[in-house]
Amino acid sequence: MTRVAIIGAGMGGIAAAVKLGRVKGVEYTIFEQSAGVGGTWFDNRYPGCEVDVHSHAYSFSFLKYDWPRTHATQPELLAYAEHVVDRFGLRPHLRLNTRVTDLVWEESTSKYTLQTEHGDTESYDVVISALGLLSVPRYPEWPGLDEFTGPSFHTSRWEEHDLTGKSVAVVGTGSTAVQIVPAIAPTAGQVYVYQREPGWVEPKNEHDFTPRQRWIFKNVPLAQRANRAWIFHKGNRRFRGYDTGSGRQQRMRALCERFIATTIKDETTRTAVTPSYPWGCKRPILSSTFYPTLNRSNVELVPHAVRRVTPLGVVDATGVERRVDVLVLSTGFQPTKFLAGVDVKGRDGRSIHDVWRERASAFMGITVPGFPNFFILYGPNTNGGVSVIAQLERQAEVVVGAVRRLARGRARVVDTSPEAARRFVAWVDRKLASGASAMESGCHNYYHDSSGHNVTQWPGGHLAYAVGTRVVARFGLRAGR
Ligand code: NAP
């Protein structure tokens, strides 16, 4: 039996488990630090939380599902994750409330010793990390934050408080904040939205499917697949807009500018939300409701960073203090800290975090030379590509191909050559510089590490990744005995 450990029961861990379940001679365990499955959709429970990718693309290709809306809400996504877990019999393999802390490669046995937070150790032939990308909150370091007397929390650690009539500060205007602000504005007394640098916002056009549409997607063979293919086709084309010299870049900017002009009434607010950098520099934001919410009399856009926090309020960069009862930190995540919280030691006892001191990288975002039989889902330079779930499926297929070789006894280890990994990173950098110049155009985004390397983004559409991973699965990994 080939024993496989999967770390994380989010969409990546689920994809890997479903595909591994089809391989003979493999037994696997899924370790999950939370009390339930779903990953990001388990953690993020803020008001208005929903996906901004079409449901038919943000779902697994191996299961037709009766989605009620074009964009699923967080409870619907959590129910979907639970459904997939039950439908494919993954539950007996789950070890919830169990954080993996250490992995050590043992050369003599060609296995990893895995240690959990509870101090238990177990031995595995293969380890798949499916920790997700946007899971480590980014907490700001404002003076006075600890002295704030009201509730203060990060969006991914949402605390239920009755906001009726309360004054709430939401700091940040990324994809999360644009969902929270419209959701809380109708009940809150006053909402202050602190914007350090605006993002380009596109209308999301979300809506419920009509009963007729649902019937068609459920009963007409290939209808859902055809819609999915169409969404991916549009997404692959859209990627061309990341080239700042392209006509699509101009069209994306024009679309967002028109959206500002037609939805925001106040001229000063219109100017304040209009970015000065190309579309695609930050992760594009999709929301049909954020701009209209800024027209409300109880919502004020504060177009400044936060300077400090007082026991009773927030002081902006111009020195103005606003009294607030609740402080919501919609300040994002630390995606460049891959494998945060897990110490992985490969050949010669080298830690992956030491190997990544200069820059986090992995071959196709999946394997790191010197760390045999260790695979990463949603690793460096794999974010993007239309739907992350599709990216995760492609990664899971590479991993399962390698595990199959191990399970059939054709190899004891699968590793990557340093040269292949080096060439991959050089190719990513070239592609980002030529086809995705918008990401490098100088705004604040979460793609770059402290040395300025873009370590999170895949430099193309999903099609390119699907082709790349097919080639890698066949030719790119070195098998050894
Ligand atoms: P984000 O996009 O990183 O936005 C963080 C916001 O906080 C930015 O407006 C940032 O301003 C601001 N900020 C950060 N530190 C600050 C500080 N010290 N002072 C003042 N402002 C500060 O984070 P997010 O909105 O949580 O979204 C993260 C990602 O999660 C998204 O990009 C997306 O990939 C994913 N997401 C996806 C969905 C979905 O539906 N699929 C929904 C929500 C989130 P600057 O712009 O100036 O840095």
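Where is the place of Ser 110? In this predicted model, Ser 110 sits in the loop between strand 4 (100-106) and strand 5 (111-116). Its backbone stands out. Ser 110 is not a glycine, yet its phi is positive, at about 55 degrees. The residue has a relative accessibility of 8%, so it counts as buried.

Val 386 also has a positive phi without being a glycine, here of about 80 degrees. This residue lies in the loop between strand 19 (374-376) and helix 11. Is Val 386 buried or partly exposed? Its relative accessible area is 24%, so Val 386 is partly exposed; the buried class ends at 20%.

The loop that holds Val 386 leads to helix 11. This helix covers residues 388-407, 20 residues in total. From first C-alpha to last, helix 11 reaches 28 Å. That is close to the 28 Å expected at 1.5 Å a residue. Ser 387 caps the N-terminal end of the helix. A side-chain oxygen of Ser 387 lies 3.2 Å from the backbone nitrogen of Ile 389. After the helix comes Gly 409, with a positive phi near 80 degrees. Helix 11 is mostly covered, with 15 of its 20 residues buried.

Helix 11 also matters to the count of the nonpolar core. The largest nonpolar core holds 137 residues. Leu 103 and Phe 374 touch the most other members. Helix 11 supplies the largest share of this core, 11 residues. Where does the core lie with respect to domain 1 and domain 2? Residues come from both domain 1 (2-136 + 334-480) and domain 2 (145-329), so the core lies between them.

Aromatic contacts were searched for across the whole structure, and 22 pairs were found. One of them joins Trp 67 and Tyr 80. Their ring centres are 4.7 Å apart and their planes meet at 45 degrees, so the pair is tilted. Planes under 30 degrees apart would count as stacked, and over 60 as edge-to-face. The pair links distant parts of the chain, 13 residues apart. Trp 67 is in the loop between helix 2 (40-43) and helix 3 (74-87), whereas Tyr 80 belongs to helix 3 itself. Trp 67 has 2% relative accessibility and so counts as buried. Tyr 80, at 0%, counts as buried too. Both residues belong to one aromatic cluster, together with Phe 60, Phe 62, Tyr 65 and Phe 88.

Charged side chains also meet aromatic rings. Arg 87 lies over the face of Phe 88, 4.9 Å from the ring centre. Phe 88 is one of the residues of the aromatic cluster. Elsewhere, the charged end of Arg 3 sits over the ring of Tyr 124, at 4.4 Å from its centre.

Several residue pairs are separated in sequence, and their C-alpha distances were computed. Gly 461 and His 233 are 228 residues apart in sequence, with 9.2 Å between their C-alpha atoms. Gly 461 is in the loop between helix 12 and helix 13 (462-476). Its relative accessible area is 12%, so Gly 461 is buried.

Lys 282 and Tyr 446 are separated by 164 residues in sequence and by 7.7 Å in space, C-alpha to C-alpha. Lys 282 occupies the loop between helix 8 (267-273) and strand 12 (285-286). Is Lys 282 buried or exposed? With a relative accessible area of 15%, this lysine is buried.

Lys 431 is found in helix 12 (residues 418-435). Its relative accessible area of 35% makes Lys 431 partly exposed. Lys 431 and Thr 382 are 49 residues apart in sequence, and their C-alpha atoms are 13 Å apart.

Arg 138 is placed in the loop between strand 7 (126-129) and strand 8 (152-154). It is partly exposed, with a relative accessible area of 36%. Arg 138 and His 154 are 16 residues apart in sequence and 8.3 Å apart in space, C-alpha to C-alpha.

How values were computed:
Residues are numbered from 1 along each chain as its sequence is written. This is a predicted model: local features need pLDDT of at least 70, side-chain atom pairs count only at pLDDT 80 or more; totals for chains, interfaces and linings use all residues. Side-chain values use heavy atoms; hydrogens and water are left out. Helices (H or I, at least four residues) and strands (E, at least two) are DSSP runs, numbered from the N terminus. The expected span of a helix is 1.5 Å times one less than its number of residues. Buried means under 20% relative accessible area, exposed over 50%, partly exposed in between (1.4 Å probe, protein chains only). A polar contact is a pair of N or O atoms within 3.5 Å; within protein, one must be able to donate a hydrogen and the other to accept it, and residues adjacent in sequence count only if both atoms are side-chain atoms. Rings of Phe, Tyr and Trp (its six-membered ring) pair if their centres lie within 6.5 Å; planes under 30 degrees apart count as stacked, over 60 as edge-to-face and the rest as tilted. A charge sits over a ring if NZ of Lys or CZ of Arg is within 6 Å of the ring centre and within 35 degrees of the ring normal. A nonpolar core is a set of buried Ala, Val, Leu, Ile, Met, Phe, Trp, Tyr and Cys residues joined through side-chain atoms within 4.5 Å. Domain bounds come from an automatic or database domain assignment.
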